[in-house]
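I opened my notebook with a sheet to trace and one helix residue to look up. Here is what I was looking at.

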Amino acid sequence: MVISILRSALEDGPGIRTTVFLKGCPLDCLWCHNPESKSGKKELAYYADRCTQCGACVDACPNDAHSIMECIHHLDRERCNLSGACVDACIYDALEMTGVMMTAAEVMEVVMKDKAYYDESGGGLSISGGEPMMQFEFTRELLIHAKKNQLHTCFDTSGHASEKEFLEIAPYVDLFLFDLKASDSLI
């Protein structure tokens, strides 16, 4: 389950990179800068600051999950079946689906579009999230594909996984970026 693929990334490792953001995180940090990554499932995101209460989502939703009452947009998530019809109807980008099922091969097809940039800049593939280890099998497969394509790999992690899993992917990772979430002042 992929949140997004950011091409021409400059902050997730050396050189020009493509960063793949995966859904799912075992942590619940108050300061999370990717809250859409917490759940490992596809979700509908709503951005109130973009909504004009035009009602296009109300008309498009097959399950009547959207309503506009007293100039306020309401979303009944229990009625929502994540069809995406409301997202397609919203011209203001107030609604967005987060999470797309992709295979490692499909992700690599996107990543490899910029191989010439990686080769010239010393960049490559970065995997982030959420916590990529929440999708261990997929992450391992993606790293193996990257190495077969001779890409430099960075792995952005909170470290929340077993030692066994980290040892299993270590041969395919050139650079681990450990994201320190909190620190005890007594340490």
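Which residue in β9 is the bridge partner of Phe155? I found Phe176 in that place. I should jot down early that I am working with a predicted model.

**Entry 1: from β8 to β9.** I looked at how the strands around Phe155 pair. β8 and β9 (residues 175-178) are parallel, and I have four bridges written down for them. To get from β8 to β9 I followed the chain through helix α6 (residues 163-169), and this β-α-β crossover is right-handed. I then looked up Asp156, and its bridge partner in β9 is Leu177.

**Entry 2: from β7 to β8.** Next I went to the pairing of β8 with β7. β7 covers residues 124-128 and β8 covers residues 152-157; they run parallel, joined by four bridges. Here I noted Ser126, which stands opposite Cys154 of β8. The connection leads from β7 through helix α5 (residues 136-148) to β8, and I recorded this β-α-β crossover as right-handed.

**Entry 3: the whole sheet.** I wanted the strand order, so I wrote it out: β1-β2-β7-β8-β9. That makes an open sheet of five strands, and the pairing is mixed. At the edges I have β1 (2-9) and β9, each of which pairs on one side only. From one strand to the next, I get an average twist of 15°.

A reminder to myself on pairing: strands of a sheet pair through backbone hydrogen bonds, either parallel or antiparallel.

**Entry 4: helices on the sheet.** Which strands does helix α3 lie across? I traced α3 (residues 104-111) across β1, β2 (17-22) and β7, and its angle to β1 is about 20°. Then I turned to α5, which packs on the sheet and touches β1, β2, β7 and β8. The direction of α5 makes about 160° with that of β8.

**Entry 5: Ala89.** Last, I picked out Ala89, which sits in helix α2 (residues 85-89). Why do I list Ala89 as partly exposed? Its relative accessible area is 25%, so it falls between the cut-offs of under 20% for buried and over 50% for exposed. Setting aside neighbours within four places in sequence, I found Ala89 in contact with Ala56 and Ala60. I also looked up Gly55: it is 34 residues from Ala89 along the chain, and their C-alpha atoms are 9.3 Å apart.

Methods
Residues are numbered from 1 along each chain as its sequence is written. This is a predicted model: local features need pLDDT of at least 70, side-chain atom pairs count only at pLDDT 80 or more; totals for chains, interfaces and linings use all residues. Side-chain values use heavy atoms; hydrogens and water are left out. Two strands pair if DSSP finds at least two bridges between them. Helices (H or I, at least four residues) and strands (E, at least two) are DSSP runs, numbered from the N terminus. A crossover is right-handed if, with the strands pointing away from the viewer, the path from the first strand over the helix to the second runs clockwise. Axes are lines fitted to C-alpha atoms, for helices over the stretch in contact, and angles run from 0 to 180 degrees between N-to-C directions. Contact means heavy atoms within 4.5 Å. Buried means under 20% relative accessible area, exposed over 50%, partly exposed in between (1.4 Å probe, protein chains only).
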